[in-house]
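Student: I would like a close look at one part of this model, with the criteria spelled out. Please take the sheet and keep the rest brief.

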Amino acid sequence: IREGDEEGVERLNGWGPVEITREADGRVGGVVVRRCQRVYDEARRFAPQFDDTDRQTLACDTVLLAVGQSPVTT
């Protein structure tokens, strides 16, 4: 995160991706995101809840996907 901040990377916390849009020629045009209202349920289980009425499209020409995962050890 610190290195991204130093490079001027803008983070938009609290938003979840919906779709990647494309231009007519197939190039990436943007990413549609929706606001995340909560990440965990009352039992502290991962259960994100989104507001589908609060969306925005972020214009871009490149998308990098990053997935955070950890093992379930129970």
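In what order do the three strands stand in the open sheet, and is the pairing parallel or antiparallel?

Tutor: The model is predicted, so local features are taken at pLDDT of at least 70 and side-chain atom pairs at pLDDT 80 or more, while totals for chains, interfaces and linings use all residues. Residues are numbered from 1 along each chain as its sequence is written, and side-chain values use heavy atoms, without hydrogens or water.

The order in the open sheet is β1-β2-β3, with antiparallel pairing. β1 (15–22) and β3 are the edge strands; each has a single partner strand, so one side of each lacks a neighbour in the sheet. From one strand to the next the twist averages 25°; axes are lines fitted to C-alpha atoms (for helices over the stretch in contact), and angles run from 0 to 180 degrees between N-to-C directions. Strands here are DSSP runs of E with at least two residues, helices are runs of H or I with at least four, and both are numbered from the N terminus. Two strands pair if DSSP finds at least two bridges between them. In general, strands of a sheet pair through backbone hydrogen bonds, either parallel or antiparallel.

Take β1 and β2 to begin with. Seven bridges join these antiparallel strands, and I20 has V31 in β2 as its bridge partner. The two strands form a hairpin with five residues between them, and G26 in the turn has a positive phi of about 95°.

On the other side of the hairpin pair, β2 (residues 28–40) is joined to β3 (residues 46–59) by nine bridges, and these strands also run antiparallel. Within this pairing, V33 stands opposite Q56 in β3, and R38 has Q49 as its bridge partner there. This hairpin has five residues between the strands. R44 lies in the loop between β2 and β3 and has a positive phi of about 65° although it is not a glycine. Most residues other than glycine have a negative phi. R44 is exposed, with a relative accessible area of 62%; buried means under 20%, exposed over 50% and partly exposed in between, using a 1.4 Å probe and protein chains only.

Two side-chain arrangements involve residues of these strands. The count of aromatic pairs is one. The ring centres of Y40 and F46 are 6.2 Å apart and the planes stand at 75°, so the pair is edge-to-face. Rings of Phe, Tyr and Trp (its six-membered ring) pair if their centres lie within 6.5 Å; planes under 30 degrees apart are stacked, over 60 edge-to-face, and the rest tilted. Y40 is partly exposed at 39% relative accessible area, whereas F46 is exposed at 62%. Separately, the charged end of R34 sits over the ring of F50, 4.1 Å from its centre; the criterion is NZ of Lys or CZ of Arg within 6 Å of the ring centre and within 35 degrees of the ring normal.

As for the setting, the protein has one helix and three strands, running α-β-β-β from the N terminus. Its radius of gyration, taken over C-alpha atoms, is 15 Å, well over the 11 Å that the globule rule (2.2 Å times the number of residues to the power 0.38) gives for 74 residues, so the protein is more spread out than a compact globule. Of the 74 residues, 14% count as buried.
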